[in-house]
Protein chains: 2
Amino acid sequence: MTQAMSPGELEAALRQIGATRYHNLHPLHRLMHEGRCTRIQLQAWALNRYYYQASIPIKDSTILSRIEDPALRRVWRQRIIDHDGEHEADGGVYRWIKLAEGLGLDRELVVGARAILPITRYAVEAYIHFCATRTLLEAIASSLTELFSPNIIGERVSGMLANYDFVTKDTLAYFTARPVQAQRDSDFAIQWVKAHALAAEQQQAALRALEFKCDVLWAQSDALMHAYVEGHPPPGAWRGEGA
Amino acid sequence: MTQAMSPGELEAALRQIGATRYHNLHPLHRLMHEGRCTRIQLQAWALNRYYYQASIPIKDSTILSRIEDPALRRVWRQRIIDHDGEHEADGGVYRWIKLAEGLGLDRELVVGARAILPITRYAVEAYIHFCATRTLLEAIASSLTELFSPNIIGERVSGMLANYDFVTKDTLAYFTARPVQAQRDSDFAIQWVKAHALAAEQQQAALRALEFKCDVLWAQSDALMHAYVEGHPPPGAWRGEGA
């Protein structure tokens with residue numbers, strides 16, 4: 001086994017994974033924010049990504065159920081509150097529905113999630129399963145993609161507003177709230193990982209967990225690209241309105 | 001809810017799913033058996049498909065663990081015996097390793113399964129998870145893709161032998177044993193499903209389970225196509241020997 005790193009070296013290694021494997025590097029992201037997507041492609045993205053968004057509080061509840069320390073639970077539960085909101089018309093999942101509706105999708109289509117790509121479903125299920133069955137350290141480390149999300153959100157919002165006349169600031173309200181939450185959450189999570197992954201084996205497990213999570217995001221973009229950019233939607237998947 | 005079908009109508013509806021959603025209809029299958037794949041593309045198929053093959057006895061053990069009737073367990077266990085063999089150099093999983101080696105892959109690369117596509121892993125995990133958590137009827141109905149496998153195997157073997165000079169009959173020995181087993185297994189399974197899915201709700205669940213399984217196979221072909229035909233292998237995935 002390799003030797004243990006210092007906490008600073010571990011943080012650098014985690015950030016290096018983001019620099020090489022985060023989905024801001026995926027070709028689909030570039031197509032999207034450069035204005036080269038069709039309306040149907042953006043709708044497909046919003047439709048599929050809804051299933052991921054809606055599953056995040058389930059993933060975090062799974063993690064919450066595995067935390068024995070009430071102090072850590074008090075911190076982690078905020079993620080669920082942020083996504084589910086304080087009332088029905090509030091929270092990240094609600095704002096994603098508004099985003100999908102703003103792009104012209106029917107609310108029932110989105111919330112029903114029956115027409116998403118099977119690969120979206122498998123990737124999201126794999127993420128929940130990972131957080132339910134791996135160590136708590138790996139579950140928390142897998143959340144560290146949020147370290148890299150403020151950048152992609154910045155590019156996405158400015159690019160989409162500049163390049164698609166059917167996208168409004170109001171539609172993208174989801175992204176207004178997220179960067180502050182993501183930074184607060186990932187600041188906490190990386191400190192926690194640095195404090196709890198001291199042995200070399202734990203550090204390697206944390207690095208592999210973050211790679212795993214990057215793969216989960218990348219796979220979702222691969223599936224969207226294959227189905228809606230390269231034009232091979234699988235049987236049963238959404239094919240654009242009226243199709 | 002719709003009205004219940006007769007057992008014969010249910011069988012026809014199940015076979016109709018195969019006729020419209022089984023992966024013999026996937027473009028990758030046509031490329032493969034028409035001789036239009038590169039050696040690396042066939043290797044990528046064998047490498048990824050190994051993970052699916054190796055997971056089938058795990059899936060069947062999961063089903064076995066949920067069966068309360070010893071008579072049904074005695075039938076179902078044969079699937080595990082067929083895949084794992086009577087000794088080390090025997091069984092379907094072993095023959096798949098020989099197939100991969102015959103195509104020029106390193107045994108360690110194949111068996112380690114570290115360089116497969118993340119989507120392959122997620123799809124296979126989703127299948128195991130489905131069989132672990134849905135009703136026994138749905139788990140058994142999801143195995144019914146085997147009704148359609150003798151056809152695809154026939155096309156695949158003759159097409160591959162005719163079109164690739166590096167593929168030998170010996171390499172494809174896996175496919176010699178499978179059709180007889182698949183027919184015996186699927187004959188049993190469809191009779192069981194017809195006898196146990198009498199209510200309309202059960203019949204719909206069985207149909208959805210078979211659709212789900214077709215999606216699991218289709219998604220694996222989509223992922224191979226995107227990565228190795230359209231040329232977008234994700235970070236960390238195998239890129240051909242020496243790459």
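A:R178 is buried, because its relative accessible area is 8% and the cut-off for buried is under 20%. The model is predicted.

**Around A:R178**

The residue sits in helix α10 of chain A, which spans residues 173-196. Its side chain makes a polar contact with the side chain of A:Q181, at 2.7 Å. Leaving out residues up to four places away in sequence, A:R178 touches A:H83, A:E146 and A:I153. A:H23 is a separate case: A:R178 and A:H23 stand 155 residues apart in sequence, and their C-alpha atoms are 17 Å apart in space.

**The chain as a whole**

Chain A has 11 helices and zero strands. Read from the N terminus, the order of elements is α-α-α-α-α-α-α-α-α-α-α. Overall size agrees with a compact globule, because 243 residues would give a radius of gyration near 18 Å and chain A has 18 Å. Along the principal axes, the C-alpha atoms fill a box of roughly 55 × 35 × 35 Å.

Contacts and surface follow in the table.

| Property of chain A | Value |
|---|---|
| Buried share of the 243 residues | 54% |
| Share of contacts with a separation of 6 or more that join residues 24 or more positions apart | 81% |
| Exposed area | about 10300 Å² |
| Share of the exposed area from carbon and sulfur atoms | 51% |

Charge comes last. Chain A carries 26 positive and 28 negative charges. The mean positions of the two sets are 0 Å apart.

Notes:
Residues numbered from 1 in each chain as written. Chains lettered and ligands numbered in written order. Predicted model: local features only at pLDDT ≥ 70, side-chain atom pairs only at ≥ 80, totals over all residues. Heavy atoms only, no water. Helix = DSSP H or I, 4+ residues; strand = E, 2+ residues; numbered from the N terminus. Buried < 20%, exposed > 50% of the residue type's maximum accessible area, 1.4 Å probe, protein only. Contact = heavy atoms within 4.5 Å. Polar contact = N/O pair within 3.5 Å; in protein donor to acceptor, adjacent residues only side chain to side chain. Rg over C-alpha atoms; globule rule 2.2 N^0.38 Å. Areas by Shrake-Rupley, 256 points an atom, 1.4 Å probe, with all protein chains shown as cover. Lys, Arg positive; Asp, Glu negative; His and termini not counted. Charge placed at Lys NZ, Arg CZ, Asp CG, Glu CD.
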